[in-house]
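Q: Please take a close look at one part of this model, the place where the two helices meet, and then set that contact in the context of the rest of the fold.

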Amino acid sequence: MAEISAQVSLYPLRQPDLGPPIRAAWRIFEEQGLEVERGAMSTVLWGEEEEVWAALREAFGYAAGQGEAVMVITLSNAC
């Protein structure tokens, strides 16, 4: 399996508190065993391809379940 990295920005829309979906995404990334570097505007994560995709799907699913959301992802197999 290949390792990939992803830079992820999650934008919960029209939600009274933006923090819970973002903190949930961080928790999901860490529970998948990914390396996570949190930033002010985005999060960078690394790991095996299947785990990265699974974590991204789960994080977006959680955010979308709370209301409207946008997730911007940049993927790389070279970083």
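**The contact between the helices**

A: In this predicted model, the face that H1 offers to its partner is made of Pro20, Pro21, Ala24, Ala25, Ile28 and Phe29, and these residues meet Ala55, Leu56, Glu58, Ala59, Tyr62, Ala63 and Gln66 in H2. Sorted by class, the contact of H1 with H2 holds 11 nonpolar residues, 1 polar residue and 1 charged residue.

The geometry of the pair can be stated in the usual terms, since two packed helices are described by the angle between their axes and the distance between the axes. Here helix H1, residues 19-31, and helix H2, residues 49-66, pack at an angle of about 160°, and their axes lie 9 Å apart. That angle makes H1 roughly antiparallel to H2, because angles over 145 degrees count as roughly antiparallel. The crossing of H1 and H2 is right-handed.

The helices also have to be seen together with the sheet. The protein has 2 helices and 4 strands in its secondary structure, and along the sequence these follow the pattern β-α-β-β-α-β. The 4 strands form an open sheet in the order S2-S3-S1-S4, with antiparallel pairing. At the edges of this sheet stand S2 and strand S4 (69-76), each with a single partner strand, so one side of each is left without a neighbour in the sheet. On average, neighbouring strands of the sheet are turned by 20° against each other, direction ignored.

Both helices pack on this sheet: H1 touches S1, S2 and S3, and its direction makes about 165° with that of S1, while H2 touches S1, S3 and S4, and its direction makes about 170° with that of S4.

Within the sheet, strand S1 (residues 3-12) pairs with strand S3 (residues 43-48) in the antiparallel sense over 6 bridges. Two of the partnerships with S3 can be named: serine 5 has tryptophan 46 as its bridge partner, and glutamine 7 has valine 44. On another side of the arrangement, strand S2 (residues 35-38) is joined to S3 by 4 bridges, and these two strands run antiparallel. Arginine 38 stands opposite threonine 43 in S3, and the connection from S2 to S3 is a hairpin through 4 residues.

Taken as a whole, the C-alpha atoms of the protein fill a box of roughly 40 × 20 × 15 Å along the principal axes. To return to the part in question, the contact of H1 with H2 is one between roughly antiparallel helices, in which Ile28 and Phe29 are among the residues of H1, and Leu56 and Tyr62 among those of H2, that take part.

Terms used: Residues are numbered from 1 along each chain as its sequence is written. This is a predicted model: local features need pLDDT of at least 70, side-chain atom pairs count only at pLDDT 80 or more; totals for chains, interfaces and linings use all residues. Side-chain values use heavy atoms; hydrogens and water are left out. Axes are lines fitted to C-alpha atoms, for helices over the stretch in contact, and angles run from 0 to 180 degrees between N-to-C directions. Angles under 35 degrees count as roughly parallel, over 145 as roughly antiparallel, 65 to 115 as roughly perpendicular and the rest as oblique. A crossing is left-handed if the near helix is turned anticlockwise from the far one by less than a right angle, and right-handed if clockwise. Contact means heavy atoms within 4.5 Å. Ala, Val, Leu, Ile, Met, Phe, Trp, Tyr, Cys and Pro count as nonpolar, Asp, Glu, Lys and Arg as charged, and the others, Gly among them, as polar. Two strands pair if DSSP finds at least two bridges between them.
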